[in-house]
Amino acid sequence: MARKPSATKPAKSKSKTKTKTGPALTHIGASGEARMVDVSDKPASERLAVAEGRVVMTRATLDLIVSGNAKKGDVLGTARIAGIMAAKRTAELIPLCHPLALSKVTVEIEPNAKLPGCLVRASVKVTGPTGVEMEALTAVSVACLTIYDMIKAVERGVRIEGIHLVEKLGGKSGHYRV
């Protein structure tokens with residue numbers, strides 16, 4: 001005979017898997033299984049994350065982008081839109097991320113003759129129980145990949161480098177800045 005489901009909710013597991021060298025890994029359960037973190041008891045607060053990266057290329061390729069003469073069209077505008085769209089879809093791309101109602105996403109791309117290349121910076125804001133670091137990092141990553149995609153026919157040796165979190169505000173862990 002099949003058991004009837006219990007009318008009571010199972011106890012929430014607050015356990016964190018301790019590592020040998022540092023703090024707990026919140027996305028790993030006590031038995032080592034992957035899990036989505038329960039944020040239902042966390043208060044909503046304003047949270048902001050900023051990430052950046054760069055796309056390094058030859059000066060001739062950068063000049064092509066800046067002049068607006070790339071065969072595929074407006075490289076910087078397209079990459080900006082792609083980054084914003086990616087931030088909004090992070091939970092679909094990164095398996096254990098929470099879907100969030102983002103309140104603001106900006107992607108800035110600055111051509112830089114000294115690299116030569118483009119500096120990509122994303123800022124993501126939300127009021128909620130969990131941070132937006134992954135959304136900012138995803139926005140930068142996809143914007144950089146879009147730049148690569150739009151110029152790869154001209155230069156295959158383009159490099160995407162240095163994608164990292166620059167700043168995080170809000171939540172229990174407070175302010176982080178590189």
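This report describes salt bridges, a nonpolar core, a surface patch and one buried threonine in a predicted model.

Residues are numbered from 1 along each chain as its sequence is written, and side-chain values use heavy atoms, with hydrogens and water left out. Because the model is predicted, local features need pLDDT of at least 70 and side-chain atom pairs count only at pLDDT 80 or more, while totals for chains, interfaces and linings use all residues.

**Salt bridges**

A search of the whole structure gives 9 salt bridges, a salt bridge being a side-chain nitrogen of Lys or Arg within 4 Å of a carboxyl oxygen of Asp or Glu. The table lists some of them, with the distance between the closest N and O atoms.

| Acidic residue | Basic residue | Closest N and O atoms |
|---|---|---|
| Glu-52 | Arg-121 | 2.6 Å |
| Asp-63 | Arg-59 | 3.0 Å |
| Glu-161 | Arg-159 | 2.7 Å |

The pair Glu-52 and Arg-121 links distant parts of the chain: Glu-52 is in strand 1 (residues 45–56) and Arg-121 in strand 3 (residues 117–128), 69 residues apart. Helices (H or I, at least four residues) and strands (E, at least two) are DSSP runs, numbered from the N terminus. Asp-63 and Arg-59, in contrast, both belong to helix 1 (residues 59–67), where they are 4 residues apart, about one turn of the helix.

Accessibility is described in classes: buried means under 20% relative accessible area, exposed over 50%, and partly exposed in between (1.4 Å probe, protein chains only). Glu-52 has a relative accessible area of 26%, so this residue is partly exposed. Arg-121 is partly exposed at 29%. In helix 1, Asp-63 is partly exposed at 38%, and Arg-59 is partly exposed at 46%. Glu-161 is also partly exposed, at 23%, as is Arg-159, at 43%. Arg-159 and Glu-161 are joined with Arg-54 in a network of salt bridges.

**Nonpolar core and surface patch**

In soluble globular proteins, nonpolar side chains tend to be buried together. A nonpolar core is a set of buried Ala, Val, Leu, Ile, Met, Phe, Trp, Tyr and Cys residues joined through side-chain atoms within 4.5 Å. The largest such core here has 30 residues, of which Met-57, Val-107, Ile-109, Val-120 and Ile-147 touch the most other members. Two or more residues each come from strand 1, helix 1, helix 2 (75–88), strand 2 (104–112), strand 3 and helix 4 (133–151). Helix 4 gives the largest share, 8 residues.

Leaving out residues up to four places away in sequence, Val-107 touches Arg-80, Gly-83, Ile-84, Val-120, Arg-121, Ala-122, Ala-139 and Ala-143. Contact here means heavy atoms within 4.5 Å.

At the surface, Leu-145, Ile-160 and Ile-163 make a nonpolar patch of about 230 Å². Such a patch is made of residues with over 30% relative accessible area and no salt bridge, with nonpolar side chains (Val, Leu, Ile, Met, Phe, Trp, Tyr) joined within 5 Å and like charges within 9 Å. Areas come from the Shrake-Rupley method with a 1.4 Å probe; for residues, only the protein chains shown count as cover. Ile-160 lies in strand 4 (residues 159–169) and is partly exposed, at 33%.

**A buried threonine**

Thr-90 is in helix 3 (residues 90–93). Its relative accessible area is 0%, so Thr-90 is buried. A polar atom of the Thr-90 side chain lies 3.0 Å from the backbone oxygen of Ala-87. Thr-90 also touches Cys-97, Met-134, Glu-135 and Thr-138, not counting residues up to four places away in sequence.

Methods: Polar contact = N/O pair within 3.5 Å; in protein donor to acceptor, adjacent residues only side chain to side chain.
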